[in-house]
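Trainee: I am new to this one and would like to see how its descriptions are justified. Could we go through them together?

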Amino acid sequence: MSREPIPTWFFAVAVVRLGRRFLLVEERKHGGGWYLPAGRVEPGESLEAGARRETLEEAGIAIRVTGVLRFEHSVSADHARVRAIFLAHPADDTPPKSAPDEHTLRAAFFTLAEIRELPCRDAEVFDMLAAVDAGAPVYPLGVLAREGAPWLPDRDRD
C-alpha cells in the first residue's frame, strides 16, 4: 500500500545567551515585534547549520551552538512542522546589528526584565528564555545526527 508523502517544514531556533542577557531580533515580517533568531532550514542544511546561518543573517553575529534545548514536532492533517531549539553563545564579541536590512530591523541583547517589557512576537519568547534562565535541561548536540551516523557523540556534526 503506497502512502502520499507528508510535506514537512524544518525550522531552527537559536537561544543565544551572553551572561544573563539573551539575543533577540526585531522582525521585519510576521507583524513585527521581537523574536529569537530563527527560520526555515534550507535544503541540504543541517538543523544546527540553519541556526548558525539564521543568527548571522538576522542578528549579524556568529554563534557557537552548545546544546539542544528542545525538539518539537507538530502534525496537522496535511503537513508537519519540526522545530529544533538550540542553546548558543556568541562566537566572538561582534556587536549585534543595529541597522535594518532585508532580514530584520535590528538585534540586541536583553535581560529577562527588559524582555518582559518588549513587544515580543509571541509569549513563548519570555517563557522559553525564563525556562533557560531557570536551568532548563540542555541536551548534548550528539542527540541530533544524520541517519546512519556512527554512535559516537559529536562525531558527525558540521
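**Reasons behind the words**

Mentor: Happily! Along the sequence, the elements of the protein chain come in the order β-β-β-β-α-β-β-β-α-α. Keep in mind that this is a predicted model.

Trainee: What makes the protein chain as compact as a globular protein of its length?

Mentor: The globule rule gives 15 Å for 158 residues, and the radius of gyration here is 16 Å, close to that value, so the description fits.

Trainee: Why is Arg17 called buried?

Mentor: Buried means under 20% relative accessible area. Arg17 has 16% relative accessibility, so it counts as buried. You will find Arg17 in strand β1.

Trainee: What makes the link between the side chains of Arg17 and Asp133 a polar contact?

Mentor: A polar contact needs a pair of N or O atoms within 3.5 Å, one able to donate a hydrogen and the other to accept it. The side chains of Arg17 and Asp133 make such a contact at 2.6 Å. Beyond four places in sequence, Arg17 also touches other residues, including Phe22, Leu87 and Val132.

Trainee: How do you know that helix α1 is mostly covered?

Mentor: Ten of the 13 residues of α1 are buried, among them Leu47, Ala51 and Glu58. The buried residues of α1 pack against β1, β2, β4, β5, β6 and β7.

Trainee: And what span does α1 reach, set against the expected one?

Mentor: From first C-alpha to last, α1 reaches 18 Å, close to the expected 18 Å. Just after α1, Gly60 has a positive phi of about 80 degrees.

Definitions and conventions: Residues numbered from 1 in each chain as written. Predicted model: local features only at pLDDT ≥ 70, side-chain atom pairs only at ≥ 80, totals over all residues. Heavy atoms only, no water. Helix = DSSP H or I, 4+ residues; strand = E, 2+ residues; numbered from the N terminus. Expected span 1.5 Å × (residues − 1). Buried < 20%, exposed > 50% of the residue type's maximum accessible area, 1.4 Å probe, protein only. Contact = heavy atoms within 4.5 Å. Rg over C-alpha atoms; globule rule 2.2 N^0.38 Å.
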